[in-house]
Amino acid sequence: MMRWRLPLFIIAALITLLFLNGIVWRHEQTLAQGRAILLPLRPVDPRSLMQGDYMALDYQLTQQLTKQLVAAQTPPAPGQALGVILGTDADGVAQFLRMAQAGEQPQAGETLVRLKWEDNGAHLPSSSYFFAEGEGARFAQARYAIFRVASDGTALLAGLADQQHQAIPHRIKKTPATSDSKQ
């Protein structure tokens with residue numbers, strides 16, 4: 001009996017690792033090949049956004065959906081998935097078009113994005129953006145969140161962009177080069 005426990009444990013561990021690696025692979029594919037859209041960030045005083053080495057994010061889209069669904073007096077149940085159809089302008093800035101019906105596929109020029117309804121409203125998967133210490137001033141100029149969206153509506157935060165829709169790059173800290181002494 002004891003000799004079967006170890007192989008079962010190893011098999012269970014391998015299945016778990018394969019499952020987790022599959023999720024990571026899917027997310028990497030979305031970030032590499034997903035459709036890029038810009039979602040306007042909700043204007044907030046940048047000094048109140050900065051807390052250490054991250055920025056709290058709030059989106060105009062989630063605020064708009066929350067107001068619309070609460071006004072309808074039939075908000076979704078907590079944890080319920082929501083599908084929204086977005087249109088994009090020439091610069092890739094997304095605008096809310098309509099709520100997606102069950103099984104609805106987006107038309108040409110539209111993007112399906114999945115959100116989640118929680119007790120306090122609609123939420124995208126990312127509510128904060130982390131960056132290296134000391135880069136807060138650069139990221140305070142962010143006006144858009146760059147999302148990569150898979151065909152199934154999965155949206156992943158890929159970066160932040162400024163008023164001109166340009167991605168704000170992360171600076172790589174350079175370490176002093178070590179010199180090899182000649183022998």
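In what order do the four strands of the open sheet stand, and is the pairing parallel or antiparallel? The open sheet has the order β4-β3-β5-β6, and its pairing is antiparallel; helices (H or I, at least four residues) and strands (E, at least two) are DSSP runs, numbered from the N terminus, and two strands pair if DSSP finds at least two bridges between them.

Before selecting anything, note that this is a predicted model, in which local features need pLDDT of at least 70 and side-chain atom pairs count only at pLDDT 80 or more, while totals for chains, interfaces and linings use all residues. Residues are numbered from 1 along each chain as its sequence is written, and side-chain values use heavy atoms, with hydrogens and water left out.

**The whole chain**

Begin with the full protein in cartoon view, where the secondary structure comes to four helices and nine strands, following along the sequence the pattern α-β-α-β-α-β-β-β-β-β-α-β-β. Of its 183 residues, 33% count as buried, where buried means under 20% relative accessible area, exposed over 50%, and partly exposed in between (1.4 Å probe, protein chains only). If you take the contacts between residues at least 6 apart in sequence, 62% of them join residues at least 24 apart, a contact being heavy atoms within 4.5 Å. Switching to a surface view, you see about 12400 Å² exposed, of which carbon and sulfur atoms supply 56%; accessible areas come from the Shrake-Rupley method with a 1.4 Å probe, and for residues only the protein chains shown count as cover.

**The open sheet**

Now select β4, β3, β5 and β6 together, which form the open sheet. Its edge strands are β4 (94–99) and β6, each of which pairs on one side only, and the twist averages 45 degrees from one strand to the next; axes are lines fitted to C-alpha atoms, for helices over the stretch in contact, and angles run from 0 to 180 degrees between N-to-C directions.

Start from β4, which is joined to β3 by five bridges in the antiparallel sense, and find V84, which stands opposite M99 in β4. Moving on, β3 (residues 81–88) is joined to β5 (residues 110–118) by seven bridges, again antiparallel, and here L82 has L115 in β5 as its bridge partner. From β5, three bridges lead to the antiparallel strand β6 (residues 121–123), with E118 and G121 as bridge partners; β5 and β6 form a hairpin with two residues between them.

While β4 is still on screen, select Q101 in the loop between β4 and β5, which counts as exposed because its relative accessibility is 56%. The C-alpha atoms of Q101 and G83 are separated by 7.5 Å, although the two are 18 residues apart along the chain.

**The helix on the sheet**

Returning to the pairing of β3 and β4, which is made by five antiparallel bridges, add helix α3 (residues 60–71), which packs on the sheet and touches β3, β4, β5 and β6, its direction making about 25 degrees with that of β4. Within helix α3, pick out T66, which counts as buried because its relative accessibility is 16%. Leaving aside neighbours within four places in sequence, T66 is in contact with W117, N120, G121 and A122.

**A second set of strands**

Next, select β8 (residues 144–149), where five of the six residues are buried, so the strand is largely enclosed by the rest of the structure. On the one hand, six bridges join β8 to β1 (residues 35–40), which run antiparallel, and L39 has A145 as its bridge partner in β8. On the other hand, β8 pairs over six bridges with β9 (residues 155–161), also in the antiparallel sense, and A145 has L160 as its bridge partner in β9. The hairpin of β8 and β9 has five residues between the strands, and in it G153 takes a positive phi near 95 degrees.

Continue into the segment after β9, which holds H165. H165 has a positive phi of about 70 degrees although it is not a glycine, and it counts as partly exposed because its relative accessibility is 23%.

**A last stop on the surface**

Finally, select F9, I10, L14 and L17, which form a nonpolar patch on the surface with about 410 Å² of accessible area together. Patches are made of residues with over 30% relative accessible area and no salt bridge, like charges being joined within 9 Å and nonpolar side chains (Val, Leu, Ile, Met, Phe, Trp, Tyr) within 5 Å; a salt bridge is a side-chain nitrogen of Lys or Arg within 4 Å of a carboxyl oxygen of Asp or Glu. One of the patch residues, L14, is found in helix α1 (residues 2–33).
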